[in-house]
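Work through the exercises below with the structure open. Try each task before reading its solution.

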Amino acid sequence: METSGRQWSPQAASLWAKTGPEPEDWLTLTRHLMDAAEVASLLWREWLAPGVRLALEEALDLQGEGERLVAWLAAVHDLGKATPAFQGQLMSRPGREAFADRVVDAGLPLSGPASATEWHPHSVGSAGGIERWLLARVPGMKAGNAYRLAAIAGAHHGLPAREGEIRDAELFLSTPWRQVQDELLDAMAEYTGAREMLERIPLRHLKREQQMQLTALVILADWIASNQELFPLTAAEEASSRRRAAEAWERLDLAGSWTTRPLPDTADAAYSDRFGWSADRRPWPVQEEVLRAAENLDGPGLLCIEAPMGVGKTEAALLAAEVLARRTGRNGVMVAAPTMATSDGLVPRVTSWAERAGAPGVPASMFLAHSKAALNEDVRTLPTRGLGVRSVGEDEDAPGRRGAVVAHQWLVGRKKGLLSSIAVGTVDQVLFTALQSKHVMLRHLALASKVVVIDEVHAYDAYMSRYLARALTWLGTYGTPVILLSATLPHGAKAELIAAYSSGLHSRTVGPEEVPDTGDAYPVITAAGRQGITATATAPSGRRHTVNVRPMADDDDALSRLMGRVREDGGCLLVVCSTVARAQHAYRLAKEAVGADARLLHARFTAADRVSRERELLDHLGPRAHRGAGRPHRRIVVATQVVEQSLDLDFDVMVTDIAPVDLVLQRCGRVHRHDRPDEDRPAWTHEPQVYVRGMESIGSEEAPPALEPSQARVYPLAALLASAGVLTLFRGGTAVQLPADIPSLVRRAYGGDPALPPTWEESWEQAQAEWEAHRDEQRAKAETFLLPWGRRVSGLEQLWPVSGADVDSLQGEARGSAQVRDADPMLEVLLTREAPGGYVPLTSESEERVLSAGMVPAWKDAQRIAESAVRLPRRFSRPWLFERALGELERQTDLAWQDTPLLRGQLQLALDRDFKATLAGVTLHYDSEFGLTEEKA
């Protein structure tokens, strides 16, 4: 591209693209278009993942000219600003007349601001002008290809321009305006050297996946070129856009495409190098096999790893990701987990791996993708980089220095964060790629450029699985490597997900029946690649032990008796409850039994309280704690399902509410999890014991169990009956061999014939029919806002047939998460405490620093307030109560919060001095010991 100024007609030179606070602060449209073109070239050449570059060039037969195409698309994206609808919008604003006067003086007709009939977004005008020019100026251009190329500019604000809108906008464009648009388009084709390439593109079909990726690149080029820190306004006409872009690029400091150091030749050395293992530690067989499977994949593909808890599936996935990234030209990794807590727990592990793996001198930008990321201490303390900022010491060269992991100043926020080299977050961030939403193409480019690791894939119901399956289909279409992890994955669920990915990879429908059924083999690695789908059983991994699973009565006396054993003889007991109310009640019994040796953990503690409780549990019950060195003589921990996945804890005995068998087995992984000497556990706990409650009667050969009412509101009744049956709780329970029995128990429970006593069959069949009907309803409901697969629609705009919701805000993300999880939206509040003259953070020990309404909190106060986030009880999700509570919260939230990033968009619930508040007629009480509770009327 040329670097010097060029001669524009007076009409083209008069057009403005950006304005500043002063009338003399403005940027010409011609300059902005050239700036954007130069940025797009840099993004393509220096930042985009090599595998994505190669795939785009091969798909469009670009013969090495992908940079020209991207530069041209960016150079014409704002063509619609050369319209009276855009140029006339300042005519009614005092002091801004000069912008319109220049246009009129140059000879372009402009009578005033556009009427409601004539107005249209400038992205719509861009699409219309580009399509018209392509058909008129490019020999052999077919109408379909012209429309598809123009649609990329039409979508650069995050949603596509509709065909009807484009036609209407063209009707209001007079000849002088068309002539100046043609001048701009002719010049940009010459500037970018794209004309010959444009003549060749019609030979190949531009598909939706290429449109999505190219649109994302144009959006990024526009955003960077529009940043006035990087591209100042009022540039001289003779200034070089290439020089402006080079200086901006250096300041932006996105760095090059992230790469890793070569892995050592052996699995032993590779794991030791990347995770700092001691010389005598060996990888488990499944970890070795995962590395081998990744190396054997021919090109892009999916690995599904089914292996027991505690055998290092995450470490295996990260090494496999390295292999797959190098083989497919990806330049990053996304690790997705079910919850914020599991995501937070992964951050230090993934960061440590990225530091050890990264090539020196090429930093990896890290992003934590969930709504509470700003509170994560591991992320807050990362070195910063970008926009002229480099943390001291971060970029110093030293022999043998590891690759740096940094927080990039520009790659922040929900729209851009996933574009970081390394992303860790909730699975919602992957599911959002399958949701009709604004700017979803940025998520597609972000994940297409990475290896995507999804943990705990068994944790997603039929509704969420529809979004996950569609996301996998898109990722398969992009050739994105994917790794799925689970300890307890039913074959039907696995087959659906692998088939969805394979359909995208092969551009044809692949049925679940094509996924091999591995029976009771375990651990198993299933690989889906260009050559087909194969499954490999590996040698058993991890410790093998027997867990005695027994039923127990669902009454206070039975639970208190077991807690009494802990009081008298010691031991660490875990009690898992299905609801917060049951957990709070059980905790009261634990307090009666062991006093200060009882702990409570659930999702209705503030973020700060929950983090401190989890940290204490890890310190006392984690792998490094031993009797006499951190591990207590006795401890009772009562928790909800939050303890199921996120914490590496080891208990001597467990009580659990009835749950689907795969979740019961997951929880069993918390009992005798770590190898310990006998003296670490009291004699009565030397055999692992798990007691199952939550049943008013445990059932018999003659009748199924009667469940405590809240249990079937949490899990499907059919799954609970199957779980009780395959664990033979009605016969006193069973001895479960872990991990050997996991696949057979899961298969029986989910295979359609759990072999229950004949007298149970009618109850189970009715419950199963209701569950299947509910799942069918969930799947159908999911289709409403599901992003169609690109291969099944003919136009970019058809990907958004229903919704263009914006999930890239705090409330938008909450609504989006509710959408992809088929959940009623949950209300989350930040708790403060009333004080004379205003309020104080919940954790304030005094009332000396009172915050008055309208006063923007200092950063430290804002952080303490943000750490008091807590979810309201589920009853507030009921539509009538939700709306009433939301209205009350919005009215009482301090408006000054909108002026600080940590609190912007949040809702405030002010507690009185007794830590109580009444919301929508419900009295709530916060207690640092019990969490948030409802007080009964």
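**Exercise 1. A residue with positive phi**

Does Thr728 count as buried or exposed?

Solution. The model is predicted, and the values here are computed from it.
- Step 1: Find Thr728 in the loop between α29 and β24.
- Step 2: Check the backbone. Phi of Thr728 is near 45°, a positive value in a residue other than glycine.
- Step 3: Apply the cut-off. Buried means under 20% relative accessible area. Thr728 has 16% relative accessibility, so Thr728 counts as buried.

**Exercise 2. Another positive phi**

Place His439 and decide whether it is buried or exposed.

Solution.
- Step 1: His439 sits in the loop between α20 (428–431) and α21 (440–448).
- Step 2: Its phi is near 60°, a positive value in a residue other than glycine.
- Step 3: The relative accessible area of His439 is 8%, so His439 is buried.

**Exercise 3. Two helices in contact**

Describe how α29 and α31 are arranged.

Solution.
- Step 1: Take the distance and the angle. The axes of α29 (residues 717–726) and α31 (residues 761–783) come within 7 Å and cross at roughly 140°.
- Step 2: Name the class. The crossing makes α29 oblique to α31, because only angles over 145 degrees count as roughly antiparallel.
- Step 3: List the partners. From α29 come Leu717, Ala718, Ala719, Leu721 and Ala722; they meet Ser763, Trp764, Ala767, Gln768 and Trp771 in α31.
- Step 4: Sort them. The contact of α29 with α31 has eight nonpolar residues, two polar and no charged.

**Exercise 4. Cis peptide bonds before proline**

Locate the cis bonds that lead into Pro523 and Pro739.

Solution.
- Step 1: The bond from Tyr522 to Pro523 is cis, with omega near -5°. Pro523 lies in the loop between α23 (491–506) and β12 (524–529).
- Step 2: Leu738 and Pro739 are joined by a cis peptide bond with omega about 5°. Pro739 is in the loop between β24 (734–738) and α30 (742–750).

**Exercise 5. A pocket and its lining**

Which element gives the most to the lining of the second largest pocket?

Solution.
- Step 1: Start with the volume. The second largest pocket holds about 1,000 Å³ of space.
- Step 2: Count the lining. It has 33 residues, and Ala373, Ala374, Gly413, Pro901 and Leu902 lie nearest the pocket centre.
- Step 3: Look at the elements. Those that each supply at least two lining residues include β8 (405–408), α32 (810–821) and α33 (859–866). β5 gives the most, with four residues.
- Step 4: Sort by type. The lining divides into 18 nonpolar, nine polar and six charged residues.

Terms used
Residues are numbered from 1 along each chain as its sequence is written. This is a predicted model: local features need pLDDT of at least 70, side-chain atom pairs count only at pLDDT 80 or more; totals for chains, interfaces and linings use all residues. Side-chain values use heavy atoms; hydrogens and water are left out. Axes are lines fitted to C-alpha atoms, for helices over the stretch in contact, and angles run from 0 to 180 degrees between N-to-C directions. Angles under 35 degrees count as roughly parallel, over 145 as roughly antiparallel, 65 to 115 as roughly perpendicular and the rest as oblique. Contact means heavy atoms within 4.5 Å. Ala, Val, Leu, Ile, Met, Phe, Trp, Tyr, Cys and Pro count as nonpolar, Asp, Glu, Lys and Arg as charged, and the others, Gly among them, as polar. On a 1 Å grid over the protein atoms alone, a cavity is a set of points where a 1.4 Å probe fits but cannot get out, and a pocket is an open set with protein on both sides within 12 Å along at least five of seven lines; lining residues have an atom within 4 Å of a point. Grid points are joined across faces, edges and corners, and a volume is the space filled by probe spheres set on the points. Buried means under 20% relative accessible area, exposed over 50%, partly exposed in between (1.4 Å probe, protein chains only).
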